[in-house]
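Reader: I am new to this structure and would like a close look at one part, the surroundings of the bound ligands. Could you take me through that part slowly and explain each term as it comes up?

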Amino acid sequence: MFGPLNVKPGTSRNNKTGSWRTELRPKFLQKDCIACKMCALTCPEDCIEGAQKNTFYCDYEFCKGCGLCAFICPKADITMIEEELKE
Amino acid sequence: MNRQLFAPGHTACVGCGQSLGARLVIEASGPNTIVANNTGCLEVFSTKYPESSWGVPWIHSLFENAAAVASGIEAALIYLGKKDTVNVIAQGGDGGTADIGLQALSGMFERGQDILYVCYDNEAYMNTGIQRSGLTPFDANTTTSPAGSASSGNIRPKKPMPEIANAHGIPYVATASVGFPQDLQRKVKKAVSIKGPKYIQIHVPCPLGWRHEPVQTAQVAKTAVEAGLYPLVEYENTRLIAVRKIKPSPVEEYLKLQGRFKHLLNNPEEIKKIQEIANHNIEKYNLRVTSSEKNLSTEC
Ligand SMILES: Cc1ncc(C[n+]2csc(CCOP(=O)(O)OP(=O)(O)O)c2C)c(N)n1
Ligand SMILES: [Mg+2]
């Protein structure tokens, strides 16, 4: 018999899932952004932040590189780039 | 990000539709929510001990009993005089909802408890390796409904869970999809504003089990709705009050995106059967957009 097991809220942040990315990562161009927030709304990791136009970015510590943000962006203002390449 | 209700670092697969759905639900319900979770992928990937993604009180007990645990939480909140300020959500996968947890769920409905039940419908028992459930669609290839010479996948249609919920006479029943996130959140907000038992079933693509690329999660979800295979409907007091209108696309558009239907692509006989399921939905819920209803996005 064990439990109940109690843990603190939001502690999954200890687990840096950004290391899962193997091929591609999103690049937020911040040029044609209209702040529709669709990228933040569809991110399964909840690791995209921003408020005004051209201010959105993602936290690469957690981004798994699924590419949904780039797919959903109506302005094609997010592109997926090769993981090795720097900006 | 100050107060996150569903924090990153969870171990859901890349592109997991259920992780997206769960975050949309809890954000719509807000911080004053208590969640009871059935066993399944969501429970496992969001609470890898000793970590948790949840920013609200959250409890897991067994595979089949989230509705019963939530019932106890609701009763305790009423006793404490706090029910009016706290939303209670019970949630689970399609297996945990339509099969093993159906008894607990039916009891929660029948007792009239003030709880929102959310079913994340990824159309199989994904956490244990893609076994078919009562919500697996017709002809889908799963590990327990393998396509081969004896059958072309799952031989049964989806169990009509929204209708089963409605048969209990509850005040709110809806289907939603992670392909339409704003619509999903609107339905959750509406549900928690209504007193009594509520049921929302959310279509959540599973890249691993459905065999599509992670980046296609939103597209696969949308295509299911647009083909008429996952009608987005809304009932109040068992009356159908709204549907998302579509210009129906052929079901192949949906099937061809996924490995679980790959065996059907050279089988017009079977595709016809699936098209008939879509046609039936389109007629039953009057899904087809008419010329006077141009603006699709405001329909639902
Ligand atoms: C009583 C019981 N039977 C079986 C299991 C094993 N089990 C754990 S999760 C799971 C599958 C869950 O499927 P579903 O409810 O559809 O959720 P998903 O993982 O697909 O999100 C099974 C069979 C269990 N935990 N308890
Ligand atoms: Mg499932």
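Author: In the shell around ligand 1, the element that gives the most is helix H4 (residues 94-99) of chain B, which supplies three residues; helices (H or I, at least four residues) and strands (E, at least two) are DSSP runs, numbered from the N terminus. This is a predicted model, in which local features need pLDDT of at least 70 and side-chain atom pairs count only at pLDDT 80 or more, while totals for chains, interfaces and linings use all residues. Residues are numbered from 1 along each chain as its sequence is written, chains are lettered from A and ligands numbered from 1 in the order in which they are written, and side-chain values use heavy atoms, with hydrogens and water left out.

There are 17 residues around ligand 1, and those that come nearest are Gln18(B), Cys41(B), Gly95(B), Gly96(B) and Met126(B); a residue is near if one of its heavy atoms lies within 4 Å. Sorted by class, the shell around ligand 1 holds six nonpolar, nine polar and two charged residues, where Ala, Val, Leu, Ile, Met, Phe, Trp, Tyr, Cys and Pro count as nonpolar, Asp, Glu, Lys and Arg as charged, and the others, Gly among them, as polar.

Polar contacts (pairs of N or O atoms within 3.5 Å) can be followed from the ligand outwards. The side chain of Asp94(B) has an N or O atom 3.0 Å from an oxygen atom of ligand 1, and the side chain of Asn122(B) likewise places an N or O atom 3.0 Å from an oxygen atom of ligand 1. From Met126(B) a backbone N or O atom takes part, at 2.9 Å from an oxygen atom of ligand 1. Of the 590 Å² that ligand 1 exposes when taken alone, the protein buries 74% (Shrake-Rupley method, 1.4 Å probe).

Asp94(B) and Asn122(B) return at ligand 2, the magnesium ion, where the protein donors are Asp94(B) through OD, Asn122(B) through OD1 and Ala124(B) through O, lying 2.0 to 2.1 Å from the ion; donors are N, O and S atoms within 2.8 Å of the metal (3.2 Å for Na, K and Ca), and water is not among the atoms, so sites may look incomplete. Distant parts of the chain are linked here, with Asp94(B) in helix H4 of chain B and Ala124(B), 30 residues apart from it, in the loop between S4 and helix H6 (161-166) of chain B. Along the sequence, the spacing of the donor residues of the magnesium ion reads D-x27-N-x1-A. Asp94(B) and Ala124(B) are both buried, and buried means under 20% relative accessible area, exposed over 50%, and partly exposed in between (1.4 Å probe, protein chains only).

Strand S3 (residues 87-93) of chain B has seven of its seven residues buried, so the strand is largely enclosed by the rest of the structure. Strand S1 (residues 33-37) of chain B runs parallel to S3(B) and is joined to S3(B) by five bridges, with Thr33(B) standing opposite Asn87(B); two strands pair if DSSP finds at least two bridges between them. Strand S4 (residues 116-121) of chain B also runs parallel to S3(B), again with five bridges, and there Tyr117(B) is the bridge partner of Ala90(B).

Methods:
Polar contact = N/O pair within 3.5 Å; in protein donor to acceptor, adjacent residues only side chain to side chain.
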